[in-house]
Amino acid sequence: MSDTRIVAGFVNTGGKVTGTNYTVQSSGTGLYTVTFDPPYQTIYGGSVTIANGDGNASYSAIFTNQVTTTGVSIKICADSGDPAARDFSFIFAGFGYAANT
């Protein structure tokens, strides 16, 4: 298990990231793609948490696509189901580094 890696970070609605070994792109309100850099050889799983809630609304983080060795797509919605821009944190664990292609 010595090659187990953890990538964790914090992303605010302004696009500022805290952490290393990943990048984030937003493709619209509440839609984010986290790319692991470098990719994992094998991904074990992870978690996304909404941060800094305003206390007046509930939000849920939803994986919109399968978690892969290269990254994950995240959709954040209000209870209404409408996309919502919110700060979030995440952590993913996996094994090794993908081979260069």
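## A tour of the four-stranded sheet

Start with an open sheet of 4 strands, whose order is β2-β1-β8-β5 and whose pairing is antiparallel. Select β2 (17-18) and β5 (42-50): these strands stand at the edges with a single partner strand each, so one side of each has no neighbour in the sheet. As you look around, keep in mind that this is a predicted model.

**Next stop: the β5 and β8 pair.** Keep β5 selected and add β8, residues 88-95. The two run antiparallel to each other and are joined over 8 bridges. To see one of the partnerships up close, pick threonine 49; its bridge partner in β8 is serine 89.

**Step back to the whole chain.** Now show the protein chain in full. How many helices and strands does the chain have? There are 0 helices and 8 strands, so a walk from the N terminus reads β-β-β-β-β-β-β-β. Of the 101 residues, 28% count as buried. Turn on the surface too: the chain exposes about 5,800 Å², with 48% of that supplied by carbon and sulfur atoms. As for contacts between residues at least 6 apart in sequence, 65% join residues at least 24 apart.

**Last stop: aspartate 87.** Select aspartate 87 in the loop between β7 (71-78) and β8. Which side chain of opposite charge is nearest to aspartate 87? That is arginine 86, 6.8 Å away. Aspartate 87 is buried but has no salt bridge, because a salt bridge needs the charged atoms within 4 Å. Now add threonine 13 to your selection: the side chain of aspartate 87 reaches the backbone nitrogen of threonine 13 at 2.8 Å.

Methods:
Residues numbered from 1 in each chain as written. Predicted model: local features only at pLDDT ≥ 70, side-chain atom pairs only at ≥ 80, totals over all residues. Heavy atoms only, no water. Pairing = 2+ DSSP bridges. Buried < 20%, exposed > 50% of the residue type's maximum accessible area, 1.4 Å probe, protein only. Contact = heavy atoms within 4.5 Å. Areas by Shrake-Rupley, 256 points an atom, 1.4 Å probe, with all protein chains shown as cover. Lys, Arg positive; Asp, Glu negative; His and termini not counted. Polar contact = N/O pair within 3.5 Å; in protein donor to acceptor, adjacent residues only side chain to side chain.
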